[in-house]
Amino acid sequence: MKNSVLSRLSLEEKVSILTGEDIWRTYGASGKLKQLFLTDGPSGLRMVDLKENKPFKATALPTCHVLANTWNEKLAYEYASVIADECIVHGGDILLGPGINIKRSPLCGRNFEYFSEDPYLTGMLGKAYVRGLQDKGVGACIKHYCANNSEYDRCYQSSEVDERTLREIYLRPFEMCLEEKPWTVMCSYNPINGIYASENRKLLHDVLRKELGFDGLIMSDWGAVHNPLLAVKATLDLCMPYHKDYKEVLIKAVQEGRLTEEEINERVVKVLELIEKSEQNSSKRKITFTDRERHVKAVETAKEGAVLLKNEGGVLPFTNRADGSGKYSKIFFYGVNIKSPVTSGGGSGRVETAFTQKPLYELISASTGIATTFAEESRWEPCWRSVYKQAYEADVSVIALGNDASIEGEGFNRCTMRLSKEQEDIILNISSHSEKTVVILYAGSAVDMSAWIDYVDAVVFAGFAGEGANEALCELLCGRANFSGKLSETFPRSLQDTFKGGKTYDGETDLYDDGIFVGYRYYDREKKDVMFPFGYGLSYSTFEYGNIRLVKNGECDYDILYDITNTSDTEGKEISQVYVKDVSSMVRRPEKELKAFSKDNILPHQTKTVQVKLDFSSFACYNVSLDRWYVENGDFEVLVGGSSRNLPLKLKLRVELPQEEQFSDG
C-alpha cells in the first residue's frame, strides 16, 4: 500500500505528511489518506472534541506514579486497556503514553506522570502498559526520548550525560519497552549533550533505529522541532503539531540540494506504515470494559497503589478485622481533600471526568456506622476553636492534605519537598489536640515529612489517586481491603539529602554528574538514612522470608526461589524484591540493583514459594570501551526482601563465562 500511495504523491503532499494537519491529527491529503488522531494520556484519555473544542469526559485513573506503587504488571496492562477502550469510543488512534522517564529528582514537576527512579521497574510496568494499549489496536507512544528529567527550562536546557549513565539509567526503560514493539516514540524537548532531541541523529537513528531495532514512527513532542531540515536528517518522521513553515523549509531544502527527495520518502513511508498499522489492527478495537467497570478499575488501582507509611499502635484500620465492628465511636475529618481529593497534577496528563466522589467521611460512616464530623479549609480564617474541639472530642482525627496542580505540573518544577507552612502547622496543631492522628497525603512525588511525622500515628500516601480515591481509601482505612502498595521512589528525609539538594542545573545545562547513582543507588552509595526507602510499604499482614535457593539453567540464566510466610491472621499481598550485587568489579557499580520482583497474595499463616528469573541483563553493566552490555566474571550476591533496605535473604553465585569473552581476570 505505502509504495503505491507514495508514487501518487507530489513533493508538496509528501512534506505536508511530515507535520500535523492541526493540533491533534495527521495530514489527510484531502481525503487520500486516513487521518490518525493523536491524544494525550498517560493516566486516562485527554482527547479534545474538535466540534466542541473541549476535552471529552473520561475515566480519571490514578496517575502513573500510583500505578507504579502497585508493582502490579497485570494491573498496568488492564489500566492501559481501560484507556484504550475510551480511545476506541471517541476515535483516538495513538495514545501519547506511557511516560517512562526516570525520577532523578523529587522536584521534577512531572514526576506524577512517570513510574519510578528505577529503570527496571519502569521498564517492566511500561511494557505491560504498551501491551494493554496495542492488544486493543490503539498505538502506544513511549516518551519522552530521552534524558528529560526536569521541567525547568525543559525546551532549551541541555542534559549533559555520559554514555554509560545514559545507557544504564535513562535509555534502559526505552530499550525494555521496545520489546513490545510500540508503534511510536516521542522525542523530548531538551537537547542531549548540546543537540536537541528532535535533531539528534545519534540517538534517533544510530541508537533507537539501528542498534535497538525500532522500526516504528518517531514523532516530536508538541513544538519540539527547531530546525525541520536537521530533524528530517536525524530521521524524525512526524513534527507535531501543524508547523506553518515546515513544508516551505523542506521544499526549499530539496530544491537547493541540501535534502534529497529520497530522504523525504523514507520519512513519509514511516507515516504511511503507521496509518497501515492502524488499519490492519482495526479488528482489535473492541470495547471490553463498561463505564462502571472502568471506574472500578480506577478504584482498584488507587487501592493497590496507596502506600501505608506509618501505623503506630495499630491505629488503622478503623474496624476490628475479626468481626468488622468499629474500634472507634467518633472520627474527625479535616481538609478539602476529604470531600474532593486532588485527582492529578497539572498539564497534558490531566483528565476531565464526569464522576463526582462522595466525601470520605460519608463513605466511612456508611461502611462502619462510626459517627463522623468534618471541617475543611476556607478562603477565610477557619474557626480553629471549633476544629480543635472536634479533634479533641473524637477518638481519631484524619487530615487529608498535600499538593495540587499549582504545585506539581507540566512546565515547572517544585521548589521544595515540604508541604506549605500552613499545612505543616495544621497537622501539628490538630495532632496536638487529638488522641490519635492519621494523615493522608496527596502528592505526585516524595514529600519531606520531617516537621510533623513524629507527632502523628499513621501516614497514608495516596498520591494523585484519580476519581476512585475516596472509595479506595474507605475500603483500606476500614480494613475491608489490605494495603499492598510500596514506594516506587525513595522518600529522603529532606531536600538537602538529595543529590545536590535537587539543584543540578545552572540555567544552561543540567549536569548529570551523579552518573548511575540515581535514587536508592545514590542513598546506598552515600550511606544516607532516608525517611522511607525505595520499595517500602506496610500492610495489615506481616511476612517472613526464608529458604532461598537457586536453579542454574545456564550461565547467566537462573531461577531464584524463596518462601514467604504470612505470619498474621490477615490475608495480604506482599511485593518481594530481588536485587543483584556485583561483589567486585573492574568498574564502579551500585551497591545493589533491582532485577526482579513479584507481587503475591498470601493467605493467613500460609507459606508461598515465589520463583523469579535472572538472566544476562541481571548481571550486566554497559561497557563504553566495548560499546555494549557486558557481564564480567566473578562473584555476585542475590538479595531478597520487602524493600531496598530490608533484605533478609542472601544467596551467593559465581558467573564464569568463557575466557575469550572476558576482558578481566575476575
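The legends below describe close-up views of a predicted model.

**View 1. The buried face of helix α13 in the predicted model.**
Helix α13 spans residues 360–368, and its buried residues are L360, Y361, L363, I364 and T368. These residues cover an arc of only 160 degrees around the axis, which puts them on the same side of α13. The elements that the buried residues of α13 pack against are the strands β12 (330–334), β13 (371–375) and β15 (437–442), together with helix α16 (469–477). Just after α13 comes G369, a residue whose phi is positive, near 80 degrees.

**View 2. The packing of helix α13 with helix α16.**
The axes of α13 and α16 are 9 Å apart, and the two helices pack at an angle of about 40 degrees. That angle makes α13 oblique to α16, and the crossing of the two helices is right-handed. On the α13 side the residues that take part are L360, L363, I364 and S367, and in α16 they meet N470, E471, L473, C474 and L477. Sorted by class, the contact of α13 with α16 contains six nonpolar, two polar and one charged residues.

**View 3. The packing of helix α14 with helix α15.**
Helix α14 (residues 384–393) packs with helix α15 (residues 421–433) at an angle of about 50 degrees, and their axes lie 7 Å apart. Angles from 35 degrees up to 65 fall outside the roughly parallel and roughly perpendicular ranges, and α14 and α15 are therefore oblique to each other. The crossing in which α14 passes α15 is right-handed. From α14, the residues W384, V387, Y388, A391 and Y392 make the contact, while α15 contributes I426, N429, I430 and H433. By class, the contact of α14 with α15 is made up of seven nonpolar and two polar residues, with no charged ones.

**View 4. The surroundings of T570, a loop residue.**
T570 lies in the loop that runs between strand β19 (557–566) and strand β20 (572–582). With a relative accessible area of 14%, T570 is buried, because the cut-off for a buried residue is under 20%. When its neighbours within four places in sequence are left aside, T570 is in contact with R321, N482, Y540, S541 and P604.

**View 5. The position of K74 in helix α4.**
K74 belongs to helix α4, which covers residues 73–90, and K74 is exposed, with a relative accessible area of 57%. Although K74 and G132 are 58 residues apart along the chain, their C-alpha atoms are separated by 9.1 Å.

Conventions:
Residues are numbered from 1 along each chain as its sequence is written. This is a predicted model: local features need pLDDT of at least 70, side-chain atom pairs count only at pLDDT 80 or more; totals for chains, interfaces and linings use all residues. Side-chain values use heavy atoms; hydrogens and water are left out. Buried means under 20% relative accessible area, exposed over 50%, partly exposed in between (1.4 Å probe, protein chains only). Helices (H or I, at least four residues) and strands (E, at least two) are DSSP runs, numbered from the N terminus. The arc is that of the directions from the helix axis to the C-beta atoms. Contact means heavy atoms within 4.5 Å. Axes are lines fitted to C-alpha atoms, for helices over the stretch in contact, and angles run from 0 to 180 degrees between N-to-C directions. Angles under 35 degrees count as roughly parallel, over 145 as roughly antiparallel, 65 to 115 as roughly perpendicular and the rest as oblique. A crossing is left-handed if the near helix is turned anticlockwise from the far one by less than a right angle, and right-handed if clockwise. Ala, Val, Leu, Ile, Met, Phe, Trp, Tyr, Cys and Pro count as nonpolar, Asp, Glu, Lys and Arg as charged, and the others, Gly among them, as polar.
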